[in-house]
Every structure is written in structure tokens, then in C-alpha cells.
Amino acid sequence: MSLGAADITTAIALVLIIEGMLPFLSPTVWRDTFERLVRMSDGHIRFFGLSSMLVGLVVLLFLS
């Protein structure tokens, strides 16, 4: 399976749509969440980033 430019562009578009849903639907919750994120230590942010990447990888493995 090879990924073309259209697949990459579609993936990026979906990420933007999904990430834009919370600020659009509930800006107050988004702002509060962002403020909590800013106060987190680098280690906590890295942990959540790594966890997110691992969950995404597992989902991709199940889909392929």
C-alpha cells in the first residue's frame, strides 16, 4: 500500500476538521483546556503526545 499526495492531503484535511470541532462547538471548554495545557510540564505534554501517536498507530494498524 502506498500513500499518494491525495491521501496525505485528505489526512491533513481530516485532522484540521476534527481539531476545529471543539473550538467551534464549545469555545469556553477549548479555552479552559488550552489554559490547563499551557500550565503542564514538558514531560506531561510529551506523554500525551506520545500516547496520541501510539493510539493513532494502533488505529492505522487495525485499518490496514
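**Note on a predicted three-helix model**

1. The protein exposes about 5,900 Å², and carbon and sulfur atoms supply 74% of that area. These values, like those below, belong to a predicted model. Of its 64 residues, 0% count as buried, where buried stands for under 20% relative accessible area.

2. The overall dimensions may be read alongside the exposure. The radius of gyration of the protein is 15 Å, whereas a compact globule of 64 residues would have one near 11 Å. Along the principal axes, the C-alpha atoms fill a box of roughly 40 × 30 × 20 Å.

3. As to secondary structure, the protein has three helices and zero strands. The pattern read along the sequence is α-α-α.

4. The arrangement of α1 and α2 deserves a separate point. Two packed helices are described by the angle between their axes and the distance between the axes. Helix α1 spans residues 5-25 and helix α2 residues 27-39; their axes come within 5 Å and cross at roughly 110 degrees. Angles of 65 to 115 degrees count as roughly perpendicular, and α1 and α2 are therefore roughly perpendicular to each other.

5. Which residues of α1 meet P27, V29 and W30 in α2? On the α1 side they are L22, P23, F24 and L25. The residues of this contact divide into seven nonpolar, no polar and no charged.

How values were computed: Residues numbered from 1 in each chain as written. Predicted model: local features only at pLDDT ≥ 70, side-chain atom pairs only at ≥ 80, totals over all residues. Heavy atoms only, no water. Axes fitted to C-alpha atoms, helices over the stretch in contact; angles between N-to-C directions. Helix = DSSP H or I, 4+ residues; strand = E, 2+ residues; numbered from the N terminus. Parallel < 35°, antiparallel > 145°, perpendicular 65-115°, else oblique. Contact = heavy atoms within 4.5 Å. Nonpolar A, V, L, I, M, F, W, Y, C, P; charged D, E, K, R; others polar. Rg over C-alpha atoms; globule rule 2.2 N^0.38 Å. Buried < 20%, exposed > 50% of the residue type's maximum accessible area, 1.4 Å probe, protein only. Areas by Shrake-Rupley, 256 points an atom, 1.4 Å probe, with all protein chains shown as cover.
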